[in-house]
Amino acid sequence: MQKGKIGISTENIFPIIKKYLYSDHEIFLRELISNAVDATQKLNTLARIGDYKGEVGDTTIRVSVDEEKNTITISDRGIGMTADEIEKYINQVAFSGANEFLEKYKNDANAIIGHFGMGFYSSFMVSEKVEIHTLSHKEGSQAVKWECDGSPEYTIEEIDKKERGTDIVLYIDDENKNFVSKDEINRLLKKYCGFLPVPVAFGKKTEWKDGKEVETDEENIINDTNPLWTQAPSNLKDEDYNKFYRDLYPMAEDPLFNIHLNVDYPFNLTGILYFPKIKNNIEVQRNKIQLYCNQVYVTDSVEGIVPEFLTLLHGVIDSPDIPLNVSRSYLQSDSNVKKISSHITKKVADRLDEIFKTERQSFENKWDDLKIFIEYGMLTDEKFYDRAQKFALLKNTDGKFFTFDEYKNIIKDSQTDKDNQLVYLYATDAQDQFSFIEAAKNKGYDVLLMDGQLDTHYINHLEQKFEGARFVRVDSDVPEKLIPKEEQTELKLTEAEKDNLTTIFSSQVPNMEKANFVVSFEALAADDKPVMITQQEFMRRMKEMSQNGGGPMAFYGEMPDSYNLVVNGNHELIQRVVKDCEEAVGESVSSLRGKMESLESRKSELEKSKEDKKEEEVPQAEKEELEDVEKKVTELRGKKDEALQGFASKNKLVSQLIDLALLSNNMLKGEALNRFVKRSIDLI
Ligand SMILES: Nc1ncnc2c1ncn2[C@@H]1O[C@H](COP(=O)(O)OP(=O)(O)OP(=O)(O)O)[C@@H](O)[C@H]1O
């Protein structure tokens with residue numbers, strides 16, 4: 001037996017390995033099995049080129065667990081190592097590699113990506129002792145056993161081993177006993193080794209016999225050595241892709257589409273990406289892409305490698321060219337990674353474009369599920385926007401789909417306003433905004449349905465992209481004014497009547513938390529609604545955006561909703577309110593107004609004369625008179641308002657009209673709704 005000291009500078013590297021790699025202990029199995037795969041593939045290569053003349057035979061990698069001895073063994077039939085090679089690769093190179101790595105990241109544990117090839121020495125994260133039993137493929141080699149207990153000392157001795165290849169025996173330490181379990185090993189094999197290119201066996205296959213699960217003689221191969229992404233797309237059908245998806249995500253619904261990536265220049269990358277069906281929470285759908293490096297599972301957190309919006313996709317990416325041993329910030333600035341990311345974007349756009357062109361109907365059918373990806377992509381990635389504007393769809397409230405160009409042509413004639421701006425009308429809720437949608441349609445307009453999670457932002461974005469166009473929600477103004485044109489109908493109300501109606505209607509608007517109403521008048525058609533509630537586009541949008549995103553516009557979110565209570569002066573019912581008011585309080589109101597008006601003209605005379613003089617030049621009498629006039633005006637106004645409010649509170653029509661308007665906007669709730677129903681019954 002020979003003893004030696006491992007070639008490292010740090011006295012004892014293992015405590016450091018254990019400390020820094022604590023959270024990722026489980027990767028030891030992946031690392032050791034990857035080494036076994038490498039050794040097997042090297043042997044296959046040597047055999048192919050004629051440098052190895054012996055029998056290759058069965059090269060299955062075998063994993064076993066001994067629960068009594070607390071060991072895990074990984075055996076391969078690869079190239080094996082001679083004593084010299086152990087000296088070179090294990091004692092010197094590998095250790096120094098690990099040492100260098102830890103030196104580099106000692107002060108920056110967070111920079112470690114969390115998974116990297118620590119290689120063979122990761123076995124010491126979980127073991128108190130490790131043995132290598134190996135026989136090289138080289139003719140006439142002597143089998144050797146290397147043993148190390150986690151101190152820098154090792155022993156190496158000759159042993160009797162007949163089969164070519166390497167067995168790694170791990171004596172698991174007390175802290176990591178949990179790995180000495182068939183279930184745990186099964187879990188790790190499934191997670192990290194499911195698609196390795198060399199068969200990996202663990203235990204035996206089982207079958208059900210007489211109501212019991214029993215082991216058969218057949219070995220249990222845990223991996224698919226030829227996963228779908230490594231196969232030629234031309235040999236694959238939709239069913240194959242869907243089946244693979246179900247293998248990856250057993251609980252998920254069938255995906256919408258798949259994209260098979262196959263790149264060999266300027267970097268190597270294969271993979272299959274799926275567009276999943278996303279219900280309503282986009283956050284839970286992230287990080288479902290698995291990243292592989294030569295069929296070895298690395299991670300399922302791919303930010304930085306795929307564009308942000310594509311982290312919503314599911315599937316696998318396999319590339320030997322993605323650097324795995326580096327921090328995230330480095331990854332994002334790596335030019336290779338950037339190329340990969342923009343290439344994936346392009347591929348995804350190309351595939352969508354192809355589906356749109358060849359299967360438009362199916363594309364439309366899936367649009368509702370698909371649009372979140374496309375909108376997200378268009379919002380966050382300029383290049384994707386440019387590609388996607390050819391196939392992104394707009395859906396109207398009748399469920400019809402249009403491309404941007406198609407839609408523009410359809411609305412061009414009817415929806416261009418007097419300033420030559422194209423107005424895109426939209427609704428965010430087909431039910432709540434039903435009456436507005438109908439009113440717009442009756443005017444010959446088309447209304448888009450923009451009810452997606454990202455649509456508030458998307459609309460803003462499109463407005464910036466589309467030239468000479470704006471988006472207007474159907475309830476942001478009365479139908480006549482949604483798209484302002486030259487002609488205007490005349491309003492059949494005098495100033496005094498308008499003033500009266502303002503007091504009357506404001507006094508009857510129910511008190512609502514966080515909602516302000518401003519009464520305004522419009523000359524609408526006599527058969528339009530008598531009273532309508534609209535919400536100004538700009539303020540509403542600012543509010544919605546600040547609620548979604550905060551930032552510098554956060555204060556908009558705190559402001560109350562501001563609504564317009566639009567009174568249609570030309571409607572018969574409004575004319576009736578005017579008439580009722582005239583009969584009930586008309587005389588006193590108009591005499592109060594008459595007095596007010598003459599006082600007000602006196603007031604402005606006094607104010608004018610005061611304006612031209614210096615303070616001390618204003619005669620005392622005028623000052624006193626002005627004060628007196630002001631007081632009287634306020635008093636008269638109070639009386640006038642009181643009379644009008646008294647009328648309004650007795651006049652059921654006014655509050656009924658307001659409630660009807662609230663009802664059309666789905667704003668009548670709770671107690672107010674209940675009161676409305678009762679009053680309606682009374683009226684019947
Ligand atoms: N099962 C094995 N059969 C034959 N040689 C092996 C085996 N395991 C390790 N080796 C040899 O030991 C060397 C060091 O292994 P180690 O896992 O530490 O690093 P690596 O495989 O070169 O790189 P990585 O960090 O990516 O794993 C390998 O390059 C290989 O030559």
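Below are four short exercises on this predicted model, each with a worked solution.

Residues are numbered from 1 along each chain as its sequence is written. The model is predicted: local features need pLDDT of at least 70, side-chain atom pairs count only at pLDDT 80 or more, and totals for chains, interfaces and linings use all residues.

**Exercise 1. Domains**

State the domain bounds, then give the separation of the centres of domain 2 and domain 4.

Solution. Take the bounds from the automatic or database domain assignment. Domain 1 covers 2–206 + 216–221, and domain 2 covers 228–363. Domain 3 is 392–482; domain 4 is 495–535 + 562–610 + 620–683. Over C-alpha atoms, the centres of domain 2 and domain 4 lie 62 Å apart.

**Exercise 2. Two annotated positions**

Find the "binding site" positions in UniProt. Are Glu31 and Asn35 buried or exposed?

Solution. The unreviewed UniProt entry lists Glu31, Asn35, Asp76, Met81, Ser96, Gly97, Thr166 and Arg328. Such annotations may be inferred rather than shown by experiment. Next, locate the pair. Glu31 is in helix α2 (residues 27–48), and Asn35 is in helix α2 as well. Helices are DSSP runs (H or I, at least four residues), and strands are E runs of at least two. Now count C-beta atoms, placed from the backbone: 20 or more others within 10 Å means buried, 12 or fewer exposed, in between partly exposed. Glu31 has 22, so Glu31 is buried. Asn35 has 21, so Asn35 is buried. Beyond four places in sequence, Asn35 contacts Gly119 and Phe120 (contact: C-beta atoms, placed from the backbone, within 7 Å).

**Exercise 3. An open sheet**

Give the strand order of the open three-stranded sheet, and explain why β20 and β21 are edges.

Solution. The order is β20-β22-β21, with mixed pairing (strands pair if DSSP finds at least two bridges between them). β20 (515–522) and β21 (531–535) each have a single partner strand, so one side of each lacks a neighbour in the sheet. The twist averages 30° from one strand to the next. β20 and β22 (residues 561–568) pair in the parallel sense over eight bridges. Within this pair, Ala515 stands opposite Asp561.

**Exercise 4. Nonpolar cores**

Which residues touch the most other members of the largest nonpolar core?

Solution. A core joins buried Ala, Val, Leu, Ile, Met, Phe, Trp, Tyr and Cys residues through C-beta atoms within 7 Å. The largest has 115 residues; Ile33, Val200, Ile272, Tyr426 and Val474 touch the most other members. Helix α2 supplies the largest share, nine residues. A second, separate core of 30 residues includes Met532, Cys581, Phe647 and Leu657.

Key. Two residues are in contact if their C-beta atoms, placed from the backbone, lie within 7 Å. Axes are lines fitted to C-alpha atoms, for helices over the stretch in contact, and angles run from 0 to 180 degrees between N-to-C directions.
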